[in-house]
Every structure is written in structure tokens, then in C-alpha cells.
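Colleague: Please take a close look at one part of this model, the chain written last, and then set it against its surroundings. Plain words will do.

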Amino acid sequence: MDSLRNSLRRLNPLSTATADAETGTGVGVEADADERGGLVDRLRRSDFVESMPFWLPPTALVLLFVYGAIAWNVVISFTGWSGLGQPDYTNFTLEMYRQMPADQDFIASLRNTVALLIAFTSASLVVGLGLALLVDRKIRFESTFRTIYLLPMALSFVVTAIFWSWMYADPDGLINTALHGIGLEALAYDWLGDPRFRLAAVIVALIWQFSGYCMIVYLAGLRSIPDDHYEAARIDGASTLKLYWRVIIPQLRSSTVGATVVLMVFALKAFDFIYVMFGTNPGRSVDILAVTMYREAFSASEWAYGAAIAVVLFALALTIIGPYAYTQYKRGAL
Amino acid sequence: MIRKNSNKTGRSRRTVLQATGAVGLAAIAGCLSGGDDAEPLENLLEEDPEEYQAVEVGHWWTAGGEEDAFEALVEGFEAEYPDIEIDSSPSPGGAGSALEADIRNRVVDQNPPSTFQVWPGQALTDYTEEDLLYDIDGNVWDDEMREAYHDGPVDVSRPDGEFVAVPINIHRLNNLFYNVDVVEDSGVDPESIDSPSELLEAMEAVNDAGYVGMAQQTASAWSTLQLWAQVLLGEYGVDVYESFIDGNVEENEDEIRDSLTLVVDYSEYFNEDASSMNDWDDASNYINSGEAAFFHQGDWAAGEYEADDDLEYGANWDHVAFPGTEEMYALNMDSFVFPKHNPSPNATLRFLQYAATPEAQERFNQHKGSIPPRTDVSDEAFTPFLQDQMADFQESTDQPPSIAHGLAVAPATQTDIEGAFANFIDNWDVDETYDDLVNSFQ
Amino acid sequence: MTADTTTEPEPEDDVNGDGDDNDETQGHLARLSPGRIALYGGLLALVAAYLSPLYSGLTTAFKSQDAYRETSPLQPPIDGFTVDPWLTAASELAFAMLNSFALTIPAAVLSALFGSLAAYGLTKVDWRGQALVLVLFLAAVFIPYQAVLVPLRQFWSMVGLSQIHPRGELVELLITHVAYGIPICTILFRSYYQTLDGELIEAARLDGASLARIYRKIVLPLSIPMFAVTLIYQFTQIWNDFLFALVLLSNRANYVVTLELNALAGSMATDYSVQMAGAFIAALPTILVYILFGEQFAKGQTM
């Protein structure tokens with residue numbers, strides 16, 4: 001009986017996979033099957049071979065374009081290649097990495113990238129959670145509200161950078177016009193011209209663009225909390241505030257983790273918006289690694305140095321993606 | 001059993017990796033063999049070809065007078081060579097941003113346009129180092145032509161010793177524009193200001209009279225970079241300037257620090273909205289409206305005043321050479337080059353030869369608001385302002401090349417210097433900017 | 001990217017309906033309570049905040065040069081109303097819009113198709129390596145593209161499609177988008193295929209049907225809702241892309257709309273009305289897709 005069921009499972013990996021993901025027993029089943037050997041093994045093997053036409057071409061494309069390119073980029077970062085010629089793959093040097101600590105632009109970019117990463121991610125999560133909690137209060141026209149809050153996610157950064165340049169314009173932009181209108185002239189700064197505010201201005205615009213995304217992630221999380229958790233807490237006499245703090249927010253942990261990874265990784269590569277607003281040389285108040293990399297490689301033809309900065313960016317991204325992908329893998333969520 | 005099984009999958013996976021590895025290797029191999037040599041120019045040229053390919057011209061003259069200038073040039077060329085078609089390939093971005101990167105890509109891909117607009121001088125070194133441009137000595141440049149040029153333009157046409165560029169225009173960077181009424185009202189005589197530090201005193205007087213001392217935009221760095229370059233030239237002369245662009249920053253530390261400090265002092269007299277201006281023409285408008293006394297910019301700014309019906313040259317707006325640079329004509333130029341792997345060698349050559357003629361330069365520059373690089377072009381067709389400029393150019397003893405426009409330093413250095421000034425206009429920190437300038441040349 | 005939200009059905013509409021019914025039956029009190037009023041006030045204030053950049057853009061896009069200089073962006077374009085900025089922007093962007101369509105539609109279809117095939121192959125086969133492959137795909141979704149730009153430029157420079165045909169670089173960009181779209185599409189399809197009922201496939205398998213046949217006859221038809229999600233996701237991503245296009249396209253005639261819009265903004269630095277009209281024109285296809293297929297769009301984003 002057991003063996004038959006296992007064979008069926010083999011033949012029907014779709015359901016196996018689901019079961020694995022749900023129960024986390026995949027390893028056990030697998031070990032079981034391995035001991036049975038013979039026929040099952042051969043079947044599996046033929047499955048593997050037969051399925052290759054499906055997954056191999058896309059996988060090969062990904063390996064070549066994504067991982068091959070990453071490896072190649074690392075190699076280029078060791079060559080010292082610059083100018084319009086070809087890289088010399090016979091001489092390797094760590095020079096590019098040695099330059100970094102002395103390069104003020106690089107240091108400023110790194111600092112801004114980290115500031116952007118932290119401020120943008122946390123603020124977007126908070127705003128998104130706030131939106132989700134409001135929208136989740138059984139309101140009328142809920143889908144209309146949701147649609148409006150999420151709308152910025154459908155727009156290109158080129159488009160939103162153009163809208164926000166005009167929002168921030170001094171003195172005619174909407175923000176400063178409004179501040180003048182309500183008698184707060186004193187707060188009507190030159191948002192994009194004044195180096196103190198530039199990075200903050202970019203972060204606010206990006207929060208505008210991404211908080212809707214956080215909202216729908218949190219909404220999905222909120223709606224997966226069983227109703228009886230609310231009921232139980234209510235019966236215990238918890239106030240609304242306590243209800244949220246004690247019961248709901250803790251249950252949103254996985255939504256938070258997922259959204260955080262997406263936001264942080266985005267913050268690392270937030271190139272388009274700053275490039276469109278400020279060009280390739282935005283100044284140290286708002287320069288980030290993604291822009292510095294582009295400027296070194298594609299404006300100055302310092303290819304190897306650009307590639308080395310890209311390696312740093314990649315390493316930063318790995319420290320975020322790595323643990324996430326690993327836990328997803330461990331949980332069998334893949 | 002387990003081991004056997006994993007071996008099998010292992011082998012399959014290895015095969016996959018080998019396959020992708022092979023593709024990668026092929027790619028790298030292709031890359032290494034990519035730098036094959038182009039045909040020598042002589043093999044491509046014919047005395048009298050049966051037919052010509054169209055000349056694709058990459059450029060960023062996309063608006064206003066610039067567009068008219070290019071059209072006038074094309075018209076003249078097509079009248080001279082009715083068999084050759086010009087395929088205009090305009091790109092956006094003004095001072096070389098998108099076009100630059102695009103053209104570089106195409107040149108490296110051995111798929112260049114026939115010719116393209118490019119800053120001459122050190123801006124070309126990336127190309128010449130990789131031998132991507134044809135030497136056009138003999139085919140375009142000859143003794144007759146060389147005689148018609150001052151040394152400055154000749155030098156930037158051969159950055160590495162070989163003639164690779166045909167200059168088409170010159171914009172002057174050391175003009176100081178002013179509003180006549182405002183300086184008179186402030187009791188300042190621009191003609192008598194002899195140095196950049198005296199200009200500061202003049203601005204003070206203007207400020208006391210209730211006007212903006214100097215109109216400026218500081219939203220992007222290049223305007224302040226070119227202003228500083230003129231301060232350095234005016235206060236310390238051509239030798240220090242040329243020493244700087246040769247990379248001797250530390251040798252000239254005092255001069256560089258002092259000139260930067262002077263610019264910081266100037267900034268006290270800039271218009272208050274300098275940092276939020278989108279472009280230089282917003283700043284130049286302060287001269288039109290009579291709100292500011294002085295304005296430093298390349299001589300393209302004169303177009304803004306000539307186009308203003310309320311202003312008359314000499315009576316309402318005027319200019320002097322930037323104080324201390326009276327004998328100089330600071331160069332910002334455009335040129336055409338002859339890239340290798342050329343899609344239309346015979347037609348390209350004729351286009352370059354035409355661009356070097358007095359007729360072509362007259363046609364082009366009167367619309368562009370710049371002057372011909374040749375010194376033997378009649379000034380009749382030009383505006384009074386440009387006629388004065390041409391006379392100044394004739395008499396100039398030095399023609400220092402512009403840093404902000406790529407003539408003076410290699411592109412990577414220029415990017416770094418721009419970065420230094422992007423920072424400078426944010427914090428006006430002389431020490432930091434000086435350090436950045438030192439690093440720019442390393 | 002949270003896998004656990006993927007399979008969540010979307011009951012909100014029902015919940016919403018119930019909520020409204022309850023409000024209805026419990027009388028007006030619930031809706032008129034100060035708390036409720038504050039809630040709606042807050043929601044509406046947020047709507048104003050979220051729409052304000054679009055609003056100031058829209059009013060400005062209909063103003064003449066003089067009107068936009070003299071009136072505040074808050075004012076609707078009554079004096080000095082004009083559609084000229086739209087005409088100017090449309091004529092500047094027209095060719096780039098066509099390029100964007102020619103690029104985006106095939107790239108979205110191909111990456112969705114490859115994603116579906118890969119997910120089918122990887123969900124179907126049961127070998128240990130598949131989870132590893134999927135980890136690689138998951139990581140590839142997040143990789144900062146800066147890490148591949150230099151090699152990518154170098155790779156296509158060597159392949160040299162742009163030398164073979166003037167449109168070659170658009171094909172380069174298309175292939176690039178397909179390759180970088182595969183990981184996310186695969187993950188999306190994979191999470192969907194895991195929820196598919198296996199019985200049918202199992203039966204077909206026992207009947208001796210080939211994997212290809214099962215894909216065509218059973219999986220593909222069942223995948224249509226997921227194709228909608230991935231196609232919309234990819235359409236939006238590729239249409240909105242700027243970085244790859246910036247690096248790979250060097251011929252103006254091949255510019256996609258994001259590049260050309262940036263060029264338009266750069267060359268007409270102070271003419272906000274044309275910039276704003278151009279921004280709306282460039283965004284129109286994705287806005288339409290978003291409004292028509294909002295649910296699928298949201299699904300693609302949350303998975």
C-alpha cells in the first residue's frame with residue numbers, strides 16, 4: 001500500500017510538491033522513495049530527461065544572462081579596463097577595490113544608499129501598514145481606494161520623476177504653492193536645489209510610489225488572519241489598540257519580511273528616479289551607488305571601476321536576498 | 001542507492017553547466033578576437049565614385065538657432081554635392097549626455113555614424129587611444145587650411161599629434177555680460193575692472209545699489225565650473241591654467257584655493273533662486289529684466305539679448321572680456337571626426353572637406369551664434385556682437401581650451417571635475433573641492 | 001514576494017459586501033459615528049495626497065506657457081486652456097511609443113511563455129536539484145541590474161545585432177528583457193501550478209500521455225488566469241524599464257518611450273506643460289492596463 005502510494009506520488013509530483021510545501025515532509029518522503037529504488041528511480045530519471053525541454057532553455061537563458069553576467073562582471077572588476085578598447089583578461093588587479101575607500105564620491109554614495117535603504121524601507125512599511133489598516137475597516141468603495149493608493153506602482157520612474165520635479169519646483173510647484181497658501185511660507189524650501197533636502201525629497205516621492213504596494217501585501221496578510229483570533233481577543237476585553245498591537249501586527253511578520261526584502265533590494269537599485277531628476281552627476285547629497293556605477297562605467301568609460309562598484313552593490317543585495325532565499329528554501333516554500 | 005542516484009542527477013547538472021560554460025567561453029573568445037583592424041583610409045577612397053552612401057551625421061543641435069545652423073550647413077553641402085544625401089541623426093541631451101554614450105557604443109560596436117558632432121581636444125582621447133578615428137591630415141587638413149587657423153583650434157584638432165577633427169565653430173567662454181543701466185546706476189565701469197578680485201568689489205557696489213551682483217544658475221555644476229575656470233585664467237593667467245589642466249594640481253595649490261575662494265565670495269552676490277534654476281537661460285533673464293548687473297556664460301547667452309526686442313547691443317546690454325582675460329579667447333568648440341569602420345567613407349570625406357571651408361563655417365556660425373574657427377571668413381553676415389567677437393579672436397594671443405566642455409581634460413577626468421563642482425555648489429567648501437580636484441587627475 | 005500570500009483567495013469583495021450590509025441593517029448610527037467620519041475623512045485626504053502629483057501634472061499639461069507661469073498648479077486650466085502641449089508631446093513621442101509596443105508585447109509574451117514552461121518542467125520533475133534551480137530563480141528576481149550592465153553591454157557589443165540590422169538593438173533589448181523576466185514569471189507560475197489539482201495530470205500520465213501533450217491539453221488551458229497576471233506584470237515592467245534601454249539602445253530611432261520622455265524633459269527643461277503631457281502619454285498604456293486589470297496587477301505585485 002505504502003509503496004503504491006509513494007509510486008503515485010512520484011508520478012504526480014504536482015501534488016507531492018504541494019504536500020511538501022504544506023507539511024514540510026518532503027525530505028522524508030524522498031528518502032523513503034530512494035530506498036525503494038529500481039523502477040521508481042528509472043521513472044524519475046526519464047521524467048527528468050523528458051522534462052528538460054521545458055525547463056532547460058529558460059534556465060540556460062537565466063544562467064547565461066543573469067549568473068554568467070554576474071560572474072563576468074566580477075572578472076571585469078579585476079581587469080582595470082577603461083576607455084573604448086577591450087578588457088585585458090591576462091592581467092588581474094585589486095586596484096579598483098583599493099581605490100574605493102579614498103573615493104569621496106563612492107563613500108558619499110554608499111552612505112546615501114544606506115540612508116535611502118533604511119529610511120525608505122521603514123517609512124514605506126509604516127505608511128503601507130497604515131493604509132492597509134484603514135482600508136481593512138470594512139469601508140465602502142474599498143476597491144476604489146485600493147486602486148488609487150496602488151496606482152503609482154503602475155507608473156514608470158521616468159514618469160513619476162517628471163511629476164515630482166514639478167511638485168517640488170520652487171517657488172511654483174504644488175508643494176510650495178500650497179505651503180504659501182496656508183501661510184507656511186517659512187517651510188517652503190527649495191526642495192531639489194537645497195542639498196539638505198534632496199535625498200529626503202527623493203525618499204518621500206519613492207514612498208508615495210511604493211506604499212501602495214506595502215498596503216496590498218499587508219492587506220493580504222490581514223485577511224489571512226482567521227476571524228476567531230479577533231473574536232478571542234475581543235472576548236478577552238482587549239481594546240482596539242491592544243488588539244492591533246498584540247494580535248494583528250505579530251501575525252503580519254511574514255508579510256513584513258517579504259515586503260522588506262522587496263523594498264530594500266529596490267532601494268539598492270533606485271537608479272531611474274535620481275538619474276531622470278538630477279542626471280549622472282547629482283552631487284554628493286543624493287548620489288547613490290547605482291548612479292555612481294553608471295556614471296563611472298558609461299559616462300567616464302571607467303568600466304572596471306564601475307564593475308567593481310556593481311560588485312559592491314551585488315554583495316549588499318546578497319546580504320538581503322541570501323537569508324531570505326535560504327529561509328524560503330528551508331521552509332519548502334519553493 | 002542514494003549515492004548512485006545523486007551521481008546521476010549530478011552528472012546531468014554538470015552537463016548543463018558545461019553547456020552554459022561553453023557558451024560563455026565562446027562569448028569571451030569572441031570578445032578577445034573582436035578588435036580586428038579597420039581598412040586604411042586610402043584603400044577606401046575613390047577619386048570619383050559611381051555613387052555615394054548617405055552621410056549619417058550624429059549631433060545634438062536639436063533646437064532653435066542650433067537647428068537652423070545645422071540645416072544651413074546641410075543645405076550648403078547638398079548644393080555643392082547634389083549626389084550625396086545627408087541623413088541627420090539628432091540626439092537629445094545638450095552638453096553631450098545621451099549622445100556621447102550612444103556614439104561611444106556605436107563606435108565600439110564598429111557601427112558608427114559617418115561622422116558626428118564631438119568636442120575636440122582631450123575629449124577625443126578615448127577614441128584616439130584605441131585608434132578609432134582616421135588621421136585626416138592630407139585628406140582634409142593641408143597647409144592652406146592650417147594657415148587659416150590659430151594655434152588653439154589647431155592643437156585641439158590633433159589631441160594626440162594626428163589630425164582627427166575638423167572644427168566647425170567656436171563659442172567663447174570668457175565673456176562677461178552686463179546690463180548697461182544697472183552698472184551705470186551702481187556707479188561701476190566694467191571696462192575698468194582689471195581682475196576677478198576687482199570684479200568682486202564691483203559686485204559689492206552693485207549689491208549696495210539694490211541689484212543682483214551676478215546672475216547664475218547653480219542647479220547643475222557646469223556653469224560654476226566654467227566660471228571658476230575664467231577666474232583662474234583671469235587672476236593667474238594662462239600658464240597656471242594650462243599647468244592645472246595638465247594635472248599639476250598640487251603645484252598650483254594656492255592659486256586653485258584662492259580662485260575657489262573667490263567664487264565662494266561671488267556666490268554671496270548670486271540671485272537667491274540660483275539653486276532652483278532649471279537652466280542658464282533663466283539666469284541670463286536677470287540681465288534682460290534689469291535685475292542683475294553681471295552674467296557670466298558662454299557667448300551663446302548673447303542670443304538671449306539679441307532676440308529681445310527691448311534691448312539693444314551697446315545701449316542696453318554689453319560685454320567685456322572676463323576681467324584679466326582680455327588677450328584670451330577661451331575655447332568651447334564642436335567638431336566633426338572620421339570614425340573607422342565608416343559606413344560611407346567617400347561621402348564622409350567630402351562632408352568633412354566641406355565643413356572645413358569658409359563658406360560652410362559662415363553658413364553654420366551665423367545661425368549658431370558662434371564664430372568660425374577659420375580666421376579668413378568674412379564677418380559681413382554676422383551680428384554686430386559676433387563681429388566684435390571675431391575681431392577679438394583675430395587679435396587674441398592665447399586660446400585656452402574649456403574644461404567644462406571636454407577640450408582640456410580627458411573624459412574620465414572631466415566627469416570627476418564635474419563631480420567635484422556638483423559638490424562645490426552644494427556646500428561651497430574650498431578644502432573639500434580642492435581635494436576632489438587633486439583626486440580628479442589620479 | 002511572500003510566498004504565503006500567493007495562494008490566498010481574495011475574499012475582500014465579499015467581506016466588503018457583508019460589511020456594508022451590516023452597516024445597512026444596523027442603521028445609520030454606525031456610518032455616522034464620529035469615528036467613521038474621521039475614517040472616511042482620512043481616506044479622502046490620502047486620496048488627495050496620492051493623486052496630487054497627477055493632478056498638478058494634469059492641470060499644467062493643459063495650460064499655455066503664460067498660463068502655467070502665472071497660475072498656480074492648483075488651479076484648473078480655465079484661462080489659457082490649450083491642448084498644444086499634448087500635440088507637441090505626442091508628435092515627439094509617437095515613434096518611441098511604437099518602439100515600446102514592438103518591444104514590450106513580444107517580450108512579455110515570450111517571458112510569460114518561458115516562465116510557464118520552466119515552472120511546469122520544474123514542478124513536474126521531482127529531483128533534488130530543482131529547489132536549487134528555484135533558489136537561483138528567486139535570487140535572480142532581486143538582483144540589482146547594475147551588477148550585469150557592463151557585461152551585458154559588452155556581450156551585445158560582441159554579438160553585434162545592431163550591425164546586422166538597424167533595428168538589431170531593439171532585438172537585443174527584447175532578448176534581454178525575456179531573459180530577465182523568466183525568473184519572476186517562473187516563480188509566479190510555479191506557485192500557481194502547485195495549487196493545481198493533480199488528479200487530471202496523473203490520470204493522463206498513466207494513460208501514457210507525453211509531458212508535452214499534458215502541457216498543451218491540460219496545463220496550458222488551466223494557466224490562462226496566471227498568464228493574465230504574468231503578462232500584465234511583464235508588460236508593466238518592460239514598458240516602464242529605463243535602465244536596460246539606456247544601456248543597450250544607442251540609435252535614437254530605436255528609443256523606447258521612457259528614454260524619449262527623458263530626452264524630452266531634458267531638451268525642454270523649463271516647459272513643464274509639454275513635459276507633463278508627455279509623461280501622461282508615456283504612462284497611458286500602463287495606466288489603462290492597470291485600470292482594466294487592477295486585480296491581476298495586484299496579484300503579480302504581491303507574489
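Modeller: A word on the annotations before the chain itself: UniProt positions are given here in the numbering of this model, feature names are shortened, and an annotation may be inferred rather than shown by experiment. The model is a predicted one.

In chain C, the unreviewed UniProt entry puts "transmembrane region" at residues 37-55, 93-119, 131-150, 170-193, 214-235 and 272-293. Two of these spans can be checked against the computed secondary structure. Residues 93-119 of chain C are 100% helix and 0% strand, with 37 Å between the end C-alpha atoms. Residues 170-193 of chain C are likewise 100% helix and 0% strand, and their end C-alpha atoms are 33 Å apart.

One helix of chain C can be followed in more detail. Helix α12 of chain C, residues 224-240, has 17 residues. From the first C-alpha to the last, α12(C) reaches 24 Å, close to the 24 Å expected at 1.5 Å a residue. The helix is mostly covered, with 14 of the 17 residues of α12(C) buried. Buried here requires 20 or more other C-beta atoms within 10 Å of the residue's own.

Next, the division of the chain. The domain assignment splits chain C into domain 1, residues 33-70, and domain 2, residues 84-302. The C-alpha centres of these two domains of chain C are 32 Å apart. Where they touch, domain 1 of chain C supplies six residues and domain 2 of chain C supplies eight. On the domain 1 side, the elements of chain C giving two or more residues are α3 and α4, the latter spanning 65-70. The largest share of that side, three residues, comes from α3(C). Sorted by class, the domain 1 side has two nonpolar residues, three polar and one charged.

The contact with chain A is another matter. There, 98 residues of chain C meet 96 residues of chain A. Helix α3 of chain C, residues 34-61, appears again: with 13 residues it gives the most to the side of chain C that touches chain A. This side of chain C is made up of 62 nonpolar, 28 polar and eight charged residues.

Now the partner in that contact. Chain A has 16 helices and zero strands, and 51% of its 334 residues are buried. Among contacts in chain A with a separation of 6 or more, 66% join residues 24 or more positions apart. For chain A the UniProt record, also an unreviewed entry, gives "transmembrane region" at residues 54-75, 114-135, 147-167, 199-220, 256-278 and 303-326. Residues 199-220 of chain A are 100% helix and 0% strand, with end C-alpha atoms 31 Å apart. In residues 147-167 of chain A the helix content is 71%, strand is 0%, and the end C-alpha atoms are 22 Å apart. The record also names a "domain: ABC transmembrane type-1" at residues 110-322 of chain A. That stretch of chain A is 74% helix and 0% strand, and its end C-alpha atoms lie 20 Å apart.

The largest nonpolar core has 195 residues, and those touching the most other members are Met215(A), Ala270(A), Phe273(A), Ile274(A), Ala290(A) and Leu313(A). Helix α10 of chain A, residues 198-223, contributes the largest share of this core, 17 residues. Beyond its neighbours within four places in sequence, Ala270(A) is in contact with Leu116(A), Leu206(A), Ile288(A) and Ala290(A). Another core lies apart from this one; it has 124 residues, including Ile170(B), Val183(B), Ala219(B) and Ile256(B).

That leads to the remaining chain. Chain B contains 18 helices and nine strands, and buried residues are 53% of its 442. In chain B, 78% of the contacts with a separation of 6 or more are between residues 24 or more positions apart. The domain assignment of chain B combines 43-171 and 331-395 as domain 1, and 175-327 and 410-440 as domain 2. Their C-alpha centres are 29 Å apart. The contact between these domains of chain B draws 13 residues from domain 1 and 10 residues from domain 2. On the domain 1 side, α5 (125-129) and α16 (384-395) of chain B are the elements that give two or more residues. The largest share, three residues, belongs to α16(B). By class, this side of domain 1 of chain B has four nonpolar, eight polar and one charged residues.

Technical notes: Residues are numbered from 1 along each chain as its sequence is written. Chains are lettered from A and ligands numbered from 1 in the order in which they are written. This is a predicted model: local features need pLDDT of at least 70, side-chain atom pairs count only at pLDDT 80 or more; totals for chains, interfaces and linings use all residues. Two residues are in contact if their C-beta atoms, placed from the backbone, lie within 7 Å. Helices (H or I, at least four residues) and strands (E, at least two) are DSSP runs, numbered from the N terminus. Ala, Val, Leu, Ile, Met, Phe, Trp, Tyr, Cys and Pro count as nonpolar, Asp, Glu, Lys and Arg as charged, and the others, Gly among them, as polar. The expected span of a helix is 1.5 Å times one less than its number of residues. A residue is buried if 20 or more other C-beta atoms lie within 10 Å of its own, exposed if 12 or fewer, and partly exposed in between; C-beta atoms are placed from the backbone. Domain bounds come from an automatic or database domain assignment. A nonpolar core is a set of buried Ala, Val, Leu, Ile, Met, Phe, Trp, Tyr and Cys residues joined through C-beta atoms within 7 Å.
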